[in-house]
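Let us walk through this protein step by step, beginning with its charged side chains and then turning to its nonpolar ones.

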Amino acid sequence: TRPGSYQYAVVTWYKPVKVEAEVPLSNDETLYTKQGDLNDAGTQMVSPTPLNVAPAELSTILLNNGGTFGRFQSPFVITQDDIDQRQNYSLVLAFNPDGIVQGSAMQSNAALVDDDWRAIWAPFLSIAPV
């Protein structure tokens, strides 16, 4: 870390996440999270149960992205004294939980899929440091 005035924060997260969700689609179909098995490439979970069959189950999905960034409400300043004193900081993030989990009736590159390529994924999280 270098002394300076910073305008943005980069936030990354651990890829596997637990989620239980119902995802309504624009075609009046609803997808439900399901338990799955990791595919051979280790890149997505494949559910043996169709994702359009209720109810939703707690499942582990793999995030297919590495994070996002957000702009500070005011510049975040780090001084040389902060570095010398090994100052600790906490970053509080705010986000809207709507839209964290999305779905599609036909998608091959997603976190959770079924045999008919119905898909559920977690897109980049839109955050705002506060």
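The model shown here is a predicted one, and a good place to begin is with its charged side chains, since the structure holds four salt bridges. One of them joins the side chains of arginine 118 and glutamate 29, with a nitrogen-to-oxygen distance of 3.4 Å. These two partners come from distant parts of the chain, 89 residues apart: arginine 118 sits in the loop between β11 (112-113) and β12 (119-121), whereas glutamate 29 sits in the loop between β3 (22-24) and β4 (30-32).

Arginine 118 also takes part in further pairings. It forms a salt bridge with aspartate 114, where the closest N and O atoms are 2.9 Å apart, and another with aspartate 116, where the closest N and O atoms are 3.4 Å apart. Taken together, Glu29, Asp114, Asp116 and Arg118 are linked in a network of salt bridges.

Are the members of this network buried or exposed? Arginine 118 counts as buried because its relative accessible area is 13%, under the cut-off of 20%. Aspartate 114 is likewise buried, with a relative accessible area of 3%. Aspartate 116, in turn, has a relative accessible area of 48% and is therefore described as partly exposed, a class that lies between the cut-offs of 20% and 50%.

From the charged side chains we can now move to the nonpolar ones. In soluble globular proteins, nonpolar side chains tend to be buried together. In this model, the largest nonpolar core has 16 residues, and those that touch the most other members are Val23, Leu31, Ile61, Leu112 and Ile120. Both β11 and β12 contribute to this core, each supplying at least two residues, and the largest share, three residues, comes from β12.

Isoleucine 120 is worth following in more detail. Which residues does isoleucine 120 touch, if those up to four places away in sequence are not counted? Its contacts include Val23, Leu31, Leu51, Val101, Ala110, Ala111 and Leu112, and among them are also Tyr32, Thr33, Gln102 and Gly103.

A last stop is leucine 91, which is found in the loop between α1 (80-84) and β9 (93-94). This leucine 91 is partly exposed, because its relative accessible area is 45%. Along the chain, leucine 91 and alanine 9 are 82 residues apart, while in space their C-alpha atoms are separated by 9.1 Å.

Key: Residues numbered from 1 in each chain as written. Predicted model: local features only at pLDDT ≥ 70, side-chain atom pairs only at ≥ 80, totals over all residues. Heavy atoms only, no water. Helix = DSSP H or I, 4+ residues; strand = E, 2+ residues; numbered from the N terminus. Buried < 20%, exposed > 50% of the residue type's maximum accessible area, 1.4 Å probe, protein only. Core = buried A, V, L, I, M, F, W, Y, C linked by side-chain atoms within 4.5 Å. Contact = heavy atoms within 4.5 Å.
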